[in-house]
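Okay, thanks for making time, everyone. I'd like to walk you through a structure that's probably new to most of you, so let's put it up.

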Amino acid sequence: MSVVSTLLHGSVAVVTIDNPPVNATSQAVRAGLLAAVADIEADPGIASVVLRCTGRTFVAGADVREFDKPPQPPHLPDVIAAIEAASRPWVAAIHGSALGGGLELAMGCHARIAARDARLGLPEVTLGLIPGAGGTVRLPRLVAADAALAMIAGGKPVTAARALEIGLLDDVADGDLTDAAIALATGLEAPRRTLDRPVRDPSDADAFSAQVKRFKTRAGGQLSIRHAVEAVENTLVTDAAAALAAERQTFLDLKDSEQAAALRHVFFAERATLSDPRCKQTPRPVDRIGVVGGGTMGAGIAAACLLKGLSVTMVERDTEAAETGRARVAETLAGSLARGLLTSDARDAALSRFQAATDYSELAGEDLVIEAVFEDMQVKKQVFARLDEVCAPDAVIATNTSYLDVDELAATLRDPSRAIGLHFFSPAHVMKLLEIVLPERVADDVVATGAALARKLGKIGVLAGVCDGFIGNRIMSAYRREADYLLEDGATPSEVDAAMTGFGFAMGVFAMQDLAGLDIAWAMRKRRAATRDPSERYVAIADRLCQAGRFGRKTGAGWYDYVDGKARSAPTVTEIIASERRRAGITPRPFDPEEIMQRLLAAMQSEGQNVLDEGIARNACDIDVTMINGYGFPRWRGGPMWMRDRG
Ligand code: COA
């Protein structure tokens, strides 16, 4: 069976691509399409053409695996040019996703129709590239330059409704897509070539300049975003042939860049985190979720579940706390509504699947219950004991602890094999990462259930073993410790933070602590003081800050002073640091950003290696995925372990 086949429906030729899993434009597809164009051109009986795909999606882009190899002819730009130059009109019929080369192919067709739930996008920037087959030249001819820039430099797909609104689609089909596409093709007389259209100027020139500036700032060190912006700017002032040539050259250069290699690594690493055989077992159901605790974390977890269509019962200790929890959930959903992430009907439906209660017996019918109460072993053990009494015997019982011993908690259940750790990151309805922590006696299908929940919630699940801090917090503790050493050795908090943001982190480690609050980590350090190895270097600067009541933003002062919400360097902190240096007998010396980052990275990598050696992480890829999606490590650098292995 060929990956590209043609069937006649009267005078309409229906060309079908069948290249699972995502109909990527592999060499065979490109060659098949070129042959189809030639056959159709040679057949005078054909009046028009529909291009469609089988399986889950329209063409979802180039085959990312081919990017590591030299390009094989025929090249996609030539295939698209042949379609565009055809003498009969071609209509793209889009279901699922038309992404990257897939959307470029559709834009080379003379009209486009999509199923209502389809998505269209040019995500190349997320792979360290720009479109390489005319995307930056054709899109600004179909949609206004501002909408084109948003798609090309932002990399996020748009819905079919939005694509219709901006002019990328000619129609949206509610019934059978192929039938609708055949009807559309039948009505077309002559091909209307995208490249023959003039570019569409931005709807508001000032807003467009501001948008360009925003993307350039957002790019930071990521080259692809910067080049994407420049490609669109170039299209607006150059003829199509020159713009196509420039785009292709930039694409080829970027394809071989270190950043693109890093982003490809992350692309595949993120899709491989749940490849463990246990994740392929039949999971237990995860439609009805119980959450114990209505604080920030509990409410965030509840909202994350509700937003993905699950039902949630939240239990709090009294009516007042349950009410507060309910209000938090409603507020989170209202925020998603305000950002256009769900409709008011969907919000109402989500709230109708939610109940806040005070009686644990309300959890009797839930499939999986997650405790998200205070980080204290005794408190959590009491919750687990109650859950053991009320939950159905095959319900999964999960803890959202971020560092406590999940084995110890599991052992309190009559059937420890049903316990698992589900470490969400705050805000839980936004953050992509879910650490699935596996106690020693966990049942295989409970592992599969954790994985199934991650998938349902649209999160990237990473399997982690039990240790203090699992993968992420453990590595973060190590580089936080190193950041403290740097302070004592001579760097300032703002120098460390600036080195990190310069490297590509959204925020430095000290600004982050101020945001999260310094008191919880302080309480933990005090609890652990008795078991600390006295021979290990200990920096007490953070403790001194806390003793001075500086708990971060919430107290208006932490590593920085906050005036009208803006961080300023704090003389008190400078004094505390100086006195701690004196106490430790250290003569401070200056640090440049490279040395600061070298030390922080080395700390991450060495703790990453420990995590691997102890079997806490399955492989180095999982560590990279964790640090990128949970801790703000810049994606385009590929992760700490990738950087170490690339040398
Ligand atoms: N090239 C090669 N393989 C690809 C691919 C691509 N462009 N896109 C997806 N795949 C593979 C995945 O690695 C996965 O392989 P596996 O089953 O061996 O793990 C499989 O296709 C399914 O992908 P997955 O993402 O798990 O499926 P999904 O149904 O959740 O999502 C898409 C489908 C198309 C939305 C999603 O795969 C996607 O966004 N792909 C990337 C598209 C892209 O960036 N294209 C631009 C390239 S320049």
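Before I point at anything, one term: helices are DSSP runs of H or I with at least four residues, strands are E runs of at least two, and both are numbered from the N terminus. What you see is a predicted model, where local features need pLDDT of at least 70, side-chain atom pairs count only at pLDDT 80 or more, and totals for chains, interfaces and linings use all residues. Residues are numbered from 1 along each chain as its sequence is written, and side-chain values use heavy atoms, with hydrogens and water left out.

Right, let's start with Asp613, which sits in helix α24, residues 593–613. Is Asp613 buried or exposed? Here buried means under 20% relative accessible area, exposed means over 50%, and partly exposed is in between, using a 1.4 Å probe and protein chains only. Asp613 comes out exposed, at 58%. From its C-alpha to that of Leu122 is 39 Å, and the two are 491 residues apart in sequence.

Now for the other end of that scale. Helix α3, residues 101–108, is mostly covered, with eight of its eight residues buried. Glu104 is among them, and so are Leu103 and Met107.

On to the cores. By nonpolar core I mean a set of buried Ala, Val, Leu, Ile, Met, Phe, Trp, Tyr and Cys residues joined through side-chain atoms within 4.5 Å. In soluble globular proteins, nonpolar side chains tend to be buried together. The largest core here has 69 residues, and Trp90, Ile94 and Leu168 have the most contacts inside it. Which helix gives the largest share of this core? That's α5, residues 145–154, with seven residues. There's also a second, separate core of 60 residues, including Val573 and Phe633.

Let's zoom in on Ile94. Contact, by the way, means heavy atoms within 4.5 Å. Not counting residues up to four places away in sequence, Ile94 touches, among others, Phe58, Ala106 and Leu177.

Next, helix pairs. Axes are lines fitted to C-alpha atoms, for helices over the stretch in contact, and angles run from 0 to 180 degrees between N-to-C directions. Under 35 degrees counts as roughly parallel, over 145 as roughly antiparallel, 65 to 115 as roughly perpendicular, and the rest as oblique.

Pair one: α1, residues 27–41, packs on α2, residues 76–84, at about 20 degrees with the axes 10 Å apart. So α1 is roughly parallel to α2. In that contact, Arg30, Leu33, Leu34 and Val37 of α1 meet α2 residues including Asp78 and Ile83.

Pair two: α11, residues 258–271, and α25, residues 620–631, cross at roughly 100 degrees, and their axes come within 9 Å. That makes α11 roughly perpendicular to α25. His265 and Glu270 are among the α11 residues there, with Cys621 and Asn629 among those from α25.

Pair three: the axes of α9, residues 223–237, and α10, residues 240–255, come within 10 Å and cross at roughly 175 degrees. So that pair is roughly antiparallel. His227 of α9 and Thr250 of α10 are among the residues making the contact.

Last stop, still in α9: Ala231. Ala231 is buried, with a relative accessible area of 12%. Leaving aside neighbours within four places in sequence, Ala231 is in contact with Ile130 and Thr136. That's my tour, thanks for listening!
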